[in-house]
Amino acid sequence: MLDFGDSYDAATFAHIVALSLAISVSGTAIAALIGLPGGAALAICRFRGRRLLILFANALLGLPPVVVGLALYLLLSRSGPLGRLGLLFTPAAMALAQGSLATPIIVALVHRAVEEPWQVYGGALRADGAGRWRSILVLLAIARRSVVTAVLAGFGRTISEVGAVLIVGGNIAGYTRTMTTAIVLETSKGDLALALGLGFVLIGISIAVSAAAFVFERRP
């Protein structure tokens, strides 16, 4: 068994892992609520600036996490426009940061996934009198394998995030300390046993998510 050092025990280790999963699932849910209808709407709607939005969504796939963290910090700080909400240095702020990073991924992947079925079934949906929202729901159902893959890709982005969550979360022990921020902290302290233990768990989760996305995408 790994020796977690004097300041950590199995319960603390489990709490860090559980908190990381809870925040990442919340961040992915936020991204999915925005990204699923947003990506589908970009595929079926025609309006001025649509191509620019598609380009923007794909460009944001490489959005630097520390920039997102800084932007949210400025928004959520006491002097910021959202300072009254009191979200800075809370798990909610960390979920917002992760959701901001995962949203472009889901939007871009869902847009690509819905484009083809819209070309195939768009005429039938219009003839049936389906409105935009109904068409979006139908197309998301048709492309459900790719849609699930997009959500899993978003989760893979959130679970591995460190820069943005460190800025808006503060890495507070027992409250906002996640696997990634704990790995950074313990490595700087020289506690490699805990850092490696958390790293193995994080790698295991990442591999499981990637494998699930691959298997789901390949299902007949």
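Student: In this predicted model, what share of the contacts with a separation of 6 or more comes from residues 24 or more positions apart?

Tutor: Happy to start there. The count covers contacts in the protein chain with a separation of 6 or more, and the residues of interest are 24 or more positions apart. Their share of those contacts is 74%.

Student: How many helices and strands does the protein chain have, and in what order do the elements run?

Tutor: Reading from the N terminus on, the elements run α-α-α-α-α-α-α-α-α. The C-alpha atoms fill a box of roughly 70 × 45 × 25 Å along the principal axes, and 44% of the 220 residues count as buried. The tally for the chain is nine helices and zero strands.

Student: Let's look at a helix pair. Are helix 1 and helix 6 parallel, antiparallel, perpendicular or oblique to each other?

Tutor: Two packed helices are described by the angle between their axes and the distance between the axes. Helix 1 spans residues 10–44 and helix 6 spans residues 144–159; their axes are 9 Å apart and the angle is about 135°. That angle makes helix 1, relative to helix 6, oblique.

Student: Which residues of helix 6 meet helix 1, and how does the contact divide by class?

Tutor: The two helices pass in a right-handed crossing. On the helix 1 side, the contact uses S20, L21, S24, V25, G27, T28, A32 and L36, and on the helix 6 side V147, V151, G154, F155, T158 and I159. By class, the contact of helix 1 with helix 6 has eight nonpolar, six polar and no charged residues.

Student: Does the length of helix 6 come out as expected, or what do its end C-alpha atoms give?

Tutor: Helix 6 has 16 residues, and at 1.5 Å a residue they should span 22 Å. Its buried residues include V147, G154, F155 and R157. The distance between the end C-alpha atoms agrees with the expected span: 22 Å.

Student: Which residues of helix 4 meet helix 5?

Tutor: Helix 4 and helix 5 (residues 132–142) pack at an angle of about 115°, with axes 9 Å apart, and their crossing is right-handed. The contact of helix 4 with helix 5 divides into 10 nonpolar, one polar and no charged residues. From helix 5 come S135, V138, L139, L140 and I142, and from helix 4 come V110, V114, P117, W118, Y121 and L125.

Student: Is S135 buried or exposed, and which residues does S135 touch?

Tutor: S135 is found in helix 5. Because its relative accessibility is 3%, under the 20% cut-off, S135 counts as buried. Leaving out residues up to four places away in sequence, S135 touches I44, W118, L125 and A130.

Student: Now the backbone. What is the phi of F89?

Tutor: Most residues other than glycine have a negative phi. F89 is placed in the loop between helix 3 (65–76) and helix 4 (91–127), and F89 is partly exposed, with a relative accessible area of 33%. Although F89 is not a glycine, its phi is positive, at about 65°.

Student: And N171: is that residue buried or exposed?

Tutor: N171 also has a positive phi, about 55°, although it is not a glycine. N171 sits in the loop between helix 7 (163–169) and helix 8 (179–189). With a relative accessible area of 11%, N171 is buried.

Methods
Residues are numbered from 1 along each chain as its sequence is written. This is a predicted model: local features need pLDDT of at least 70, side-chain atom pairs count only at pLDDT 80 or more; totals for chains, interfaces and linings use all residues. Side-chain values use heavy atoms; hydrogens and water are left out. Axes are lines fitted to C-alpha atoms, for helices over the stretch in contact, and angles run from 0 to 180 degrees between N-to-C directions. Helices (H or I, at least four residues) and strands (E, at least two) are DSSP runs, numbered from the N terminus. Angles under 35 degrees count as roughly parallel, over 145 as roughly antiparallel, 65 to 115 as roughly perpendicular and the rest as oblique. A crossing is left-handed if the near helix is turned anticlockwise from the far one by less than a right angle, and right-handed if clockwise. Contact means heavy atoms within 4.5 Å. Ala, Val, Leu, Ile, Met, Phe, Trp, Tyr, Cys and Pro count as nonpolar, Asp, Glu, Lys and Arg as charged, and the others, Gly among them, as polar. The expected span of a helix is 1.5 Å times one less than its number of residues. Buried means under 20% relative accessible area, exposed over 50%, partly exposed in between (1.4 Å probe, protein chains only).
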